[in-house]
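Colleague: Could you take me through one helix of this model in some detail, and then show me how its surroundings are put together? I would enjoy a connected account rather than a list.

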Amino acid sequence: MKAMKHILPRLALLSVAALLAVSCHKSTGEGANVALKRQFDAWRAIHYPAAVEKDGIYILEDTPGNGPAWNKNLGITFMTYTMRDLDGDVAYNTDEQWAKQLGKWNQTYYYGPQVVPTGKDATYAGLDILLDGMREGGVRTAIIPSWMMTYNRYDSLDKYLETSTDTPSMIYTVTFLGQTDNLKEYEYRLMKEYASEKWDVADTLGTAAVFFKSFTHFDEEPVEMPNDTTVYINYTGRRISDGQVFDTTVADTAKFYNIYSPSKTYAPVMINWAEEAKSIKLSGNSVVNGFAYGLKAMHAGEKASFVFGYDLGYGTSGSGSLIPAYAALQFDVEMVPEP
């Protein structure tokens, strides 16, 4: 999917059942999915005889929620989830409790509501079927067979069986946490509440949807910095969802948040000032728009913090393992003398 990057990874894992299916396909000459389904049904009858079939997937456990029902017409779903292959090995996990139980918890990782575009061309058909009928707060575990791990939608199981996919069958455990049809508005409300509670700031900058708080008192009206000025800053960037720092110029902060790297130099960095916020550069490199707008609102000697949404940050893809997709971010910045 190109327009909105799907956060559920396409995996190339082969389960024991899939290997058996490939062998059966070669010996019988049948379609790959038909052979795979026969092997899958035999495996399921042994391991999960009580599984309940639902439109091509198989429900293993279901704890109902008491909130609003999942709505297929709302394009964004919030959830935590764990994916296991048919041998029970965890392939992907976003649930903190699971991570701690597995002994794989990491302070720097983001655990919590994941932003998942749902519907045709956004996620697997099987995942939409899994979510259908859930209510907010509910938890459901289901096997999604490989032929249902497709972005296409068909009106019969036979059609799904005719279409090959490269994704193996997986066992999903999903906690449904809510939905929205407008992620920008939803995130804006969260940032507004955050800025109001944390800094008593109610309005954004006039130039962009950035909530800005200065912690410096100027006796006189601060002078605007001229274009092409070179200034130096210390900064710390963090996820507002959980407060975890993902980047900083301060060594002690990096150590505290477990992101310290001995190969990195921790010291103030150079900013090339510019007339337009989008032309501001950090050590000669472009920065995300939200960071640029926040910097442009600052003055010499000032200390400030500001937050902005994913559309002014790292977008629908995120950046590395520390900044998830659709992340709202906070930067704490201090203008300092040249080191």
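**A close look at helix H6**

Modeller: Happy to! Helix H6 is 17 residues long and spans 23 Å from its first C-alpha to its last, close to the 24 Å expected at 1.5 Å a residue. Please keep in mind that this is a predicted model.

Let's start with burial. Leu-183, Glu-187, Met-191, Tyr-194, Ala-195 and Trp-199 of H6 are buried. These residues cover an arc of only 95° around the axis, so they sit on the same side of H6. The general background is helpful here: an α-helix has 3.6 residues a turn, so residues three or four places apart point the same way. As for what that side meets, the buried residues of H6 pack against strands S3 (76–84), S5 (114–117) and S7 (170–180), and also against S8, S14 and S15.

One contact to S8 deserves a closer view. Tyr-188 and Phe-211 form a tilted aromatic pair, with 5.5 Å centre to centre and 45° between the planes. Tyr-188 belongs to helix H6 (residues 183–199) and Phe-211 to strand S8 (residues 210–214), so the pair ties together parts that are 23 residues apart in sequence. The two partners differ in burial: Tyr-188 is partly exposed, at 32% relative accessibility, whereas Phe-211 is buried, at 0%. Theirs is one of 22 aromatic pairs in the structure.

From S8 we can step into the largest nonpolar core, which has 38 residues. S8 gives two or more residues to this core, as do strands S9 (230–239), S10 (245–248), S11 (269–272), S14 (303–308) and S15 (329–336), along with helix H8 (289–296). The residues with the most contacts inside the core are Ile-233, Phe-291, Phe-306, Phe-331 and Val-333. Taking Ile-233 as an example, and leaving aside residues up to four places away in sequence, its contacts include Val-269, Ile-271, Phe-291, Leu-295 and Val-333. Phe-291, Phe-306 and Phe-331 also appear together in one aromatic cluster, alongside Phe-212, Tyr-235, Phe-246 and Phe-308.

There is a second, separate core too, with 34 residues, among them Trp-43, Tyr-58, Val-116 and Tyr-172.

Finally, two lysines are worth a glance while you have the structure open. Lys-100 lies over the face of Trp-105, at 5.5 Å from the ring centre, and the charged end of Lys-255 sits over the ring of Tyr-260, 5.0 Å from its centre.

Notes
Residues are numbered from 1 along each chain as its sequence is written. This is a predicted model: local features need pLDDT of at least 70, side-chain atom pairs count only at pLDDT 80 or more; totals for chains, interfaces and linings use all residues. Side-chain values use heavy atoms; hydrogens and water are left out. Rings of Phe, Tyr and Trp (its six-membered ring) pair if their centres lie within 6.5 Å; planes under 30 degrees apart count as stacked, over 60 as edge-to-face and the rest as tilted. Helices (H or I, at least four residues) and strands (E, at least two) are DSSP runs, numbered from the N terminus. Buried means under 20% relative accessible area, exposed over 50%, partly exposed in between (1.4 Å probe, protein chains only). A charge sits over a ring if NZ of Lys or CZ of Arg is within 6 Å of the ring centre and within 35 degrees of the ring normal. A nonpolar core is a set of buried Ala, Val, Leu, Ile, Met, Phe, Trp, Tyr and Cys residues joined through side-chain atoms within 4.5 Å. Contact means heavy atoms within 4.5 Å. The expected span of a helix is 1.5 Å times one less than its number of residues. The arc is that of the directions from the helix axis to the C-beta atoms.
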